[in-house]
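Here is a short briefing for a first look at this structure. Keep the sequence and the 3D view side by side as you read.

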Amino acid sequence: QVQLVESGGDLVQPGGSLRLSCAASGSSFFIYGMAWYRQAPGNQRELVAFITRGGSTNYAEPVKGRFTISRDNAKNTVYLQMNSLKPEDTAVYYCNADVTVGPTPRVNYWGQGTQVTVSS
């Protein structure tokens, strides 16, 4: 079993910055792709950014140029640096990872979410 724990969510003013972190823990696991999703009230969960194990990235159009996803494979951690935040970025942000545990097939894991609120 693998646990993903997010941190860093907060209330921030428009134009501000936040850095989210997501650390994976468990035993005998290997992480492939990692991603951040978000879900605003009344909306479906949407992909924000994705990063491969090798560091290739992809971003949703609304966050391009403002958000940066990165990862530290040695720490099994993924980060989301969010700059120039807008009220429409307000949502619960979820960490996601494709993981194998021992010889088992790849499984998709989710964190519990962290609230980001952008408001003056």
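Glu-46 counts as partly exposed, because its relative accessibility is 38%. Glu-46 sits in strand S5 of this predicted model. Start there, then work outward to the strands, the core and the loops.

**Glu-46 and its surroundings**

- Beyond its neighbours within four places in sequence, Glu-46 is in contact with Trp-36, Tyr-37 and Arg-38.
- Glu-46 and Ala-35 are separated by eleven residues in sequence. Their C-alpha atoms are 11 Å apart in space.

**The chain as a whole**

- How many helices and strands does the protein chain have? The count is zero helices and eleven strands.
- Along the sequence, the pattern reads β-β-β-β-β-β-β-β-β-β-β.
- The radius of gyration is 14 Å, close to the 14 Å that the globule rule gives for 120 residues, so the protein chain is as compact as a globular protein of that length.
- The C-alpha trace spans about 50 × 25 × 25 Å along its principal axes.
- Of the 120 residues, 39% are buried.
- The accessible surface of the protein chain is about 6,200 Å². Carbon and sulfur atoms hold 48% of that surface.
- Take the contacts with a separation of 6 or more: 54% of them join residues 24 or more positions apart.

**The four-stranded sheet**

- Four strands form an open sheet in the order S1-S3-S8-S7. Their pairing is antiparallel.
- Why do strands S1 and S7 each have one side without a neighbour in the sheet? S1 (2-7) and S7 (67-72) stand at the edges and have a single partner strand each, so one side of each stays free of a neighbour in the sheet.
- From one strand to the next, the twist averages 15 degrees.
- S7 and strand S8 (residues 77-82) run antiparallel and are joined by six bridges.
- Phe-67 is placed opposite Met-82 in S8.
- Strands of a sheet pair through backbone hydrogen bonds, in either the parallel or the antiparallel sense.

**Strand S11 and its partners**

- Strand S2 (residues 11-12) pairs with S11 in the parallel sense, over two bridges. Leu-11 stands opposite Thr-117 in S11.
- S9 and S11 run antiparallel, with three bridges between them. Here Tyr-93 stands opposite Thr-114 in S11.
- Which side chains of S11 are buried? Thr-114, Val-116 and Val-118 point to one face and are buried. Gln-115 and Thr-117 point to the other face and are not buried.
- In a regular strand, side chains alternate between the two faces of the sheet.

**The nonpolar core**

- The largest nonpolar core has 30 residues. Trp-36, Leu-80, Met-82 and Tyr-93 have the most contacts inside it.
- Eight strands are named as suppliers of at least two core residues each; among them are strand S3 (18-26), strand S4 (29-39) and strand S5 (46-51).
- S9 gives the most to this core, with six residues.
- Met-82 has contacts beyond its neighbours within four places in sequence. They are Gly-16, Ser-17, Leu-18, Leu-20, Arg-66, Phe-67, Tyr-93 and Val-116.

**A buried serine**

- Ser-21 lies in strand S3. Ser-21 counts as buried because its relative accessibility of 18% falls under the 20% cut-off.
- Not counting residues up to four places away in sequence, Ser-21 touches Val-5, Glu-6, Ser-7, Trp-36, Val-78 and Tyr-79.

**Two loop serines with positive phi**

- Most residues other than glycine have a negative phi.
- Ser-28 has a positive phi, near 55 degrees. Ser-28 is in the loop between S3 and S4.
- Is Ser-28 buried or exposed? Ser-28 counts as exposed, because its relative accessibility is 62%.
- Ser-84 also has a positive phi, of about 50 degrees, although it is not a glycine. Ser-84 lies in the loop between S8 and S9.
- With a relative accessible area of 40%, Ser-84 is partly exposed.

Conventions
Residues numbered from 1 in each chain as written. Predicted model: local features only at pLDDT ≥ 70, side-chain atom pairs only at ≥ 80, totals over all residues. Heavy atoms only, no water. Pairing = 2+ DSSP bridges. Axes fitted to C-alpha atoms, helices over the stretch in contact; angles between N-to-C directions. Rg over C-alpha atoms; globule rule 2.2 N^0.38 Å. Buried < 20%, exposed > 50% of the residue type's maximum accessible area, 1.4 Å probe, protein only. Contact = heavy atoms within 4.5 Å. Areas by Shrake-Rupley, 256 points an atom, 1.4 Å probe, with all protein chains shown as cover. Core = buried A, V, L, I, M, F, W, Y, C linked by side-chain atoms within 4.5 Å.
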